[in-house]
Amino acid sequence: MVLAEILEGSGRNINKGRWLDAILVLIISINIVAIVLESVQSIADQYATLFWWIEAISVAIFSLEYITRVWVSVDLEQYENSSDSATLIRIKYIFSPMALIDLIAILPFYLTLFINVDLRFLRALRLLRIFKLTRYSRAMQLLLQSFKEESNSLLAAFFIMAVILILASCGIYLLEHDIQPEKFGSIPAAMWWAMATLTTVGYGDVVPITPIGKIFGGVITILSMGMVAIPTGLLASSFSEQIRKRRAVFADEVHTSLAHGKLTKAELLRLEELRLNLGLSKLEANAAIRQQLNTLHHLVYCPHCGEKLES
């Protein structure tokens, strides 16, 4: 139970969990930097031994973390009311998204022990360790939750963009094929221009040269400005809504904890754990607590000096 609390950063071991998270984030960051630098052949040759030790020590730590997380998964809050056996719970945990990310972080190293793996492919796999930061980054979790909640709207937006991509490719192919057969020789080849134009990147390596083609390209460019803004707006709106919901959840918990008029040490500990899980800053948490206290005692504080005012 203690190990589970440390790994999840909860309960009485919340501070130990935060230290462990900080250490693991540091190790992951060192790994990413090492993998990127190792792609430079001259640096890889000069510091080959150092890179090997970074890899070996990191894999040892990540492997120990993975095995420990699987073992203590039976003590996790999400499984505490489960009627499944300990073995079945551990198997379920192994196939959970976060456990799969942890497995991917160590898998490339063990693959090299049994099969010959291309070095470039191995580096690409090892770079997937960056996804381990999802476990420790509340902001990343917030973004993933936004993707999940807006998945239907985003799919609809991308479907519309796919239709416009095909129409733009067909249109520019018909208008420019005879003049530039080497660049617009087929609809799939024209898709490169359509994709670059619709995403407003505009590489400039493939451009229409006929008057009607230029007009068509201008229309697609103007249209693309609105199309790219749709998924961006959806995510921004969802992100703000997620933050609002988390603040509301914390405020509700504070209100419940203050039912008897004050916060006990255990309640403060629980609120701190909730604050970390929700990814709120201490400033936001203190503001929510003060607001609930003001409501409870009908007090008002000056926003400038903090002095108590008459209600």
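Contact here means that heavy atoms lie within 4.5 Å of each other. The structure is a predicted model, in which local features need pLDDT of at least 70 and side-chain atom pairs count only at pLDDT 80 or more, while totals for chains, interfaces and linings use all residues. Residues are numbered from 1 along each chain as its sequence is written, and side-chain values use heavy atoms, with hydrogens and water left out.

We start with the whole chain. Its secondary structure comes to 14 helices and two strands; helices (H or I, at least four residues) and strands (E, at least two) are DSSP runs, numbered from the N terminus. The radius of gyration of the chain is 27 Å, well over the 19 Å that the globule rule gives for 311 residues, so the chain is more spread out than a compact globule. This radius is taken over C-alpha atoms, and the globule rule is 2.2 Å times the number of residues to the power 0.38. Along its principal axes, the C-alpha trace spans about 80 × 65 × 45 Å. Of the 311 residues, 35% count as buried. Buried means under 20% relative accessible area, exposed means over 50%, and partly exposed is in between (1.4 Å probe, protein chains only). Among contacts in the chain with a separation of 6 or more, 63% come from residues 24 or more positions apart.

Next comes a single helix. Helix H2 covers residues 14–38, which is 25 residues, and reaches 36 Å from its first C-alpha to its last, close to the 36 Å expected at 1.5 Å a residue. The expected span is 1.5 Å times one less than the number of residues. Several residues of H2 are buried, including Leu 24, Ile 27, Ile 28, Asn 31, Ile 32 and Ile 35. An α-helix has 3.6 residues a turn, so residues three or four places apart point the same way.

How do two helices meet? The axes of H4 and helix H6 (residues 97–114) come within 9 Å and cross at roughly 145 degrees. Axes are lines fitted to C-alpha atoms, for helices over the stretch in contact, and angles run from 0 to 180 degrees between N-to-C directions. H4 passes H6 in a left-handed crossing, that is, one in which the near helix is turned anticlockwise from the far one by less than a right angle. On the H4 side, the residues that meet H6 include Glu 55, Phe 62, Tyr 66 and Arg 69, and on the H6 side they include Ala 99, Asp 102 and Phe 109. By class, this contact of H4 with H6 has nine nonpolar, one polar and three charged residues. Ala, Val, Leu, Ile, Met, Phe, Trp, Tyr, Cys and Pro count as nonpolar, Asp, Glu, Lys and Arg as charged, and the others, Gly among them, as polar.

Two residues of this contact can be followed further. Arg 69, in helix H4, is buried because its relative accessible area is 2%. Not counting residues up to four places away in sequence, Arg 69 touches Leu 7, Glu 8, Tyr 93, Asp 102, Arg 135 and Tyr 136. Ala 99 belongs to helix H6 and counts as buried because its relative accessibility is 0%. With the residues up to four places away in sequence again left out, Ala 99 touches Tyr 66, Tyr 93, Ile 94 and Arg 135. Ala 99 and Val 70 are 29 residues apart in sequence and 8.0 Å apart in space, C-alpha to C-alpha.

Ala 48 is also in helix H4, which covers residues 48–72. Its relative accessible area is 42%, so Ala 48 is partly exposed. The C-alpha atoms of Ala 48 and Ser 82 are separated by 48 Å, with their positions 34 residues apart along the chain.

The last stop is helix H12 (residues 211–257), which holds Ser 238. Ser 238 is buried, because its relative accessible area is 3%. Outside residues up to four places away in sequence, Ser 238 touches Ser 146 and Glu 150. Lys 214 is found in H12 too, but it is exposed, because its relative accessible area is 52%. The C-alpha atoms of Lys 214 and Leu 175, 39 residues apart along the chain, are separated by 9.6 Å. Thr 221, in H12, has a relative accessible area of 29% and is therefore partly exposed. Thr 221 and Val 74 are 147 residues apart in sequence and 55 Å apart in space, C-alpha to C-alpha.
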